[in-house]
Amino acid sequence: VMFSDVRGFTPLSEKLTPPQILALLNTMFGALGQEITGRLGTIDKFIGDAIMAFWNAPIDVADHPRRAAEAALGMRARLQALNAADAFGLRARGTGIDEVVVGVGISTGEALVGNMGLETRFDYSALGDTVNVASRVESACKEMGYDLLVTAPTHDAAPGLAYLPAGGMALKGKSERVVIYLLVGDATMASSPEFRALEAAHAEAIAALNLGKDPGPAIARCRDLAVKLEPGLGKFYDKLGGRAADFATLQRAAE
């Protein structure tokens, strides 16, 4: 299950007229929706500036966790291209906002899918804990400082992509922390020497946090390595030093 949402949509809406907002959303939904349906995903609904989608229903979809993760990467690439071309007209209108930023959360697990609602008004949708977790993970993008987050079951079911562990998040409504991974890039990136170096520095930073040591030097190396590989990681590393509790909980559980 995937949820995506525009960051800072309320202040963005204040800069645009309703017709301009509608044009922006239609342009964005058209591009991002193609990445989802092109990888056999089912778009459940558009919720304001958000998208809910799922895989493996109404028909079985082979390797659906990977397709969902690759759709998220495709969505990021399409959005970057639209922003670079000022396709939303934000710079041309002098809004003071340079780009549209979207957060994406993905969770893998069981869900109940079917027609829900009244006999005269129903939706084909999904419900269950997996859906709730995906929604909460998408919201956690703000706290994490990163745009593409997946849960451990998605990470485990779609190996070979470029992931980095992001700790255990305390999500609203969940009694236990949920293990989260950053979805950084595709399989090509995952096998690159540059990502391997970042992966090693990232592991050093987490080890320092778990041992109660200063993670600063390792985090600095992570920032340097991420500049060319994935600049969006910068905000995540800005926050990492203050998130020792998110990793200590997992460390104790493992022991």
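## Sheet and strands

In this predicted model, β8 and β9 (residues 178-185) run antiparallel and are joined by 6 bridges. One of the residues involved is G168, whose bridge partner in β9 is V179.

Step back and you get an open sheet of 7 strands with mixed pairing, in the order β2-β3-β1-β4-β7-β9-β8. β2 (42-47) and β8 (162-169) sit at the edges, each pairing on one side only. From one strand to the next, the twist averages 20°.

## Helices across the sheet

Helix α3, residues 64-84, lies across β1 (2-6), β4 (102-106), β7 (148-151), β8 and β9, and runs at about 50° to β9. Helix α4, residues 129-144, lies across β1, β3 (50-54), β4, β7, β8 and β9, at about 140° to β4.

## Nonpolar cores

The largest nonpolar core has 73 residues, and the ones touching the most other members are M28, V100 and Y237. Leaving aside residues up to four places away in sequence, Y237 touches L164, L198, H202, I219, C222, R223 and A226. Apart from that core lies another, made of 8 residues, including F3, F54, A57 and A134.

## Cysteines

Don't look for disulfides here: the structure holds 0. Why does C141 not bond to C222? The closest cysteine sulfur to that of C141 is the one in C222, and at 19 Å it is too far for a bond. Seen from the other end, the sulfur of C222 has C141 as its closest cysteine partner, again at 19 Å.

Are these cysteines buried or exposed? C141 is buried, with a relative accessible area of 4%, and C222 is buried too, at 0%.

How values were computed. Residues are numbered from 1 along each chain as its sequence is written. This is a predicted model: local features need pLDDT of at least 70, side-chain atom pairs count only at pLDDT 80 or more; totals for chains, interfaces and linings use all residues. Side-chain values use heavy atoms; hydrogens and water are left out. A disulfide is a pair of cysteine sulfur atoms within 2.5 Å. Buried means under 20% relative accessible area, exposed over 50%, partly exposed in between (1.4 Å probe, protein chains only). A nonpolar core is a set of buried Ala, Val, Leu, Ile, Met, Phe, Trp, Tyr and Cys residues joined through side-chain atoms within 4.5 Å. Contact means heavy atoms within 4.5 Å. Two strands pair if DSSP finds at least two bridges between them. Helices (H or I, at least four residues) and strands (E, at least two) are DSSP runs, numbered from the N terminus. Axes are lines fitted to C-alpha atoms, for helices over the stretch in contact, and angles run from 0 to 180 degrees between N-to-C directions.
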